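Please find below a colleague's note, arranged as numbered points, on selected features of the structure shown here.

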Amino acid sequence: MATTWKDKPYEGRRRSDATPLARKVENSAAQSPTLLLFVVVAVLGVITYTAFLLNPTNRGDWLPYSMVIAAELVLVVQALVSMWTILSGGQDPRTFVFHHSQERLFDAAAIARDGAQGRPQDWPLFLGDRAVEVDVFITAYGEPLDKIARTASAALAIRGKHNTWILDDGQSDAVKDLAGDLGVRYVRRLTNHGAKAGNINHALSIANGEYFAIFDADFVPSDDFLYETLPFFIDDNVAFVQTPQSYGNMNNLVSRGAGFMQSVFYRYIQPGRNRFNAAFCVGTNVLFRRSAIEDVGGMCTDSKSEDVWTSLRLHERGWVSIYIALTLAVGDAPETIEDYSKQQLRWASGGFEILLQRNPLSPRTKLTIDQRIQYFVTATHYLVGITPLLLIFVPPLEIYFDLRPVNLTVTWITWLLFYLGFYGLQILLAFHTMGSFRLETLVMAAVSFPIYIRAFINVFSGHEQQWHVTGSSGKRVSPFNFIVPQVLFFVFLLFTSLVGIVKDYGHETLTLATAWNVTNTIVLSVFIGAAFLESHRARVTVKPRPALYPTFGRPPRPQAATALPAYYSAPTPQASAREFATPVFDEAERISS
């Protein structure tokens, strides 16, 4: 491996007085002493609740008791490791060497010499007193044209000289025209082999940059993306720098639930993993070192979750990953039940693939003990999503068969107090770190178990999963096509609630089983209500016909530029993408010609 920054001398003045200071990280609560107090108290609540459940004197009938123990132990383990990881995330990964390199990223003399003072997107990038070349890849596969255009326009405006590429696996002539209009490079493959990972690997065979950024077509990058990420690569052992996925379309229950479900992970879990060199790539808003990817044979094409698998291979080879809690790109959370289901199915399949095919705890896996634990938690995370299925059946077992998870000497008030000690304190922790607790998150987490069960079965049986893009512009079907299990469970729970209410009325007492079952029924009803609203909006909404390819206020291409050939054997880095027509790397055109 190359030498580290510790072996290099760093001298010289700051290259530009106009260079701003680094932005403040967005997880400042992780450095608060109050967070430590909340986590310690929450851990005590977890331990107390666990001791209550495992106390033999409290054990009830074996079937519901076993279901509760199985579900809660998964939740307890995940909660404890998550709290440990959160406490580890109070350290800013930006060291003195980072700030020193960031201050020297742009050379004022070179900018003045090129007359580029007003064109920050053309400022040469320097790392360790050496000019570096960066490629920015936008992966596209059937997304709406306006989304691709918005992302490509923002990518062009990123501060620092770079080449912007649209990697079009949708093989769309409209996207090709859009690339030409905006002045970005266009790449199209003959096949979609390897899905997104194969698309990126194909682009790497054409592009020449030492570093490359990846953005999904719906994630609009900030102009200071390279300024805040590239300086980390002064350490020659850094393979990639990952930034959060943030969302700007929190406008319905699905998108809010999906977005807020990720908030704690991106603001507190991922930063904590820096301490264990276990932060992993999430597929977008990330900057890679090309030589690191070449060292592991390219982006992993063996899984539809190429991001976490590639991260695992890099960590096994000893490469370093960095996560910085700065929102440097804003995208779209899934707005429909179809998009949410496909997204979660893809993510859960990736986690279960690691668990069943490359168990991080296996001695054959070349990871540190800290990395093993973190990857094992990642691989088992979606088991948490299956636990609601077990807990849903507990109240009906009591209502129909008088089978109770705890014995009759334990009142429902006692159980509720221990239960709140477990969940209530975690909600307070969420309030402290995030400033709020969203009920949408609770709803989406409680109703997603059919998705995760399907993902587990697919991986266990070796079923090949089709690649789906969140927010693609394909034909939409009814959301109820994706929630048949949830509808059936709702009908079952609704009937069970009526039976429980009748029984409690006859006994003149309210039981915990009835209250619990009614709560589950309400949660499912909220989700099904969202499906009705979505279905209604899809019927009444008439989408306007979009422009062929919007220019976003840019002047059209000069007519003289159309004289350039359609296919280039290699990019021309000396020419600005804004001055000449875009190079087009279309394999179909090349073969036909």
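1. Phe 492 is partly exposed in this predicted model. The assignment follows because its relative accessible area is 30%, and buried status would require a value under 20%. The residue lies in helix α18.

2. Phe 492 also takes part in a nonpolar surface patch, together with Phe 393, Tyr 400, Phe 401 and Phe 495. The accessible area of these five side chains' residues, taken together, is about 490 Å². Two elements contribute two or more residues each, namely α14 (387-401) and α18 (484-507). Of these, α14 supplies the largest share, with three residues.

3. Asp 402 is located in the loop between α14 and α15 (412-434). Its phi is positive, about 55 degrees, although the residue is not a glycine. With a relative accessible area of 43%, Asp 402 is partly exposed.

4. Is the other listed residue with positive phi, Asn 285, buried or exposed? Asn 285 counts as buried, because its relative accessibility is 0%. Its phi is near 60 degrees, again a positive value in a residue other than glycine. Asn 285 belongs to the loop that connects α9 (253-273) with β10.

5. Strand β10 (residues 286-289) is joined to strand β8 (residues 238-242) by three bridges, and the two run antiparallel. Within this pairing, Gln 242 has Val 286 of β10 as its bridge partner.

6. Both strands belong to an open sheet of eight strands, whose order is β11-β8-β10-β6-β3-β4-β5-β13 and whose pairing is mixed. The edges are formed by β11 (320-323) and β13, each of which pairs on one side only. On average, neighbouring strands of this sheet are turned by 20 degrees against each other, with direction ignored.

7. Towards the β13 end of that order, β5 has partners on both sides. Strand β4 (residues 163-168) runs parallel to β5 and is joined to it by four bridges; here Trp 165 stands opposite Arg 185. Strand β13 (residues 584-586) is likewise parallel to β5, through three bridges, and its Phe 585 is the bridge partner of Val 187.

8. How are the side chains of β5 (residues 185-188) directed? Arg 185 and Val 187 point one way, whereas Tyr 186 and Arg 188 point the other way. All four are buried, the two arginines included.

9. The connection from β4 to β5 involves helix α6 (residues 173-182). Together, β4, α6 and β5 make a right-handed β-α-β unit.

10. Helix α7 (residues 195-204) is largely enclosed by the rest of the structure, because nine of its ten residues are buried. Among the buried residues are Ala 195, Gly 198, Ile 200 and Leu 204, and also the polar or charged Lys 196, Asn 199 and His 202.

11. A separate point concerns an open sheet of three strands, which has the order β7-β12-β9 and mixed pairing. Its edge strands are β7 (220-221) and β9 (246-247), each pairing on one side only. Two bridges link β7 with strand β12 (residues 329-331) in the antiparallel sense. In this pair, Val 220 stands opposite Val 330 of β12.

Definitions and conventions. Residues numbered from 1 in each chain as written. Predicted model: local features only at pLDDT ≥ 70, side-chain atom pairs only at ≥ 80, totals over all residues. Heavy atoms only, no water. Buried < 20%, exposed > 50% of the residue type's maximum accessible area, 1.4 Å probe, protein only. Pairing = 2+ DSSP bridges. Right-handed = clockwise from strand over helix to strand, strands pointing away. Patch = residues over 30% accessible without salt bridge, like charges linked within 9 Å, V, L, I, M, F, W, Y side chains within 5 Å. Areas by Shrake-Rupley, 256 points an atom, 1.4 Å probe, with all protein chains shown as cover. Salt bridge = Lys/Arg side-chain N within 4 Å of Asp/Glu carboxyl O. Axes fitted to C-alpha atoms, helices over the stretch in contact; angles between N-to-C directions.
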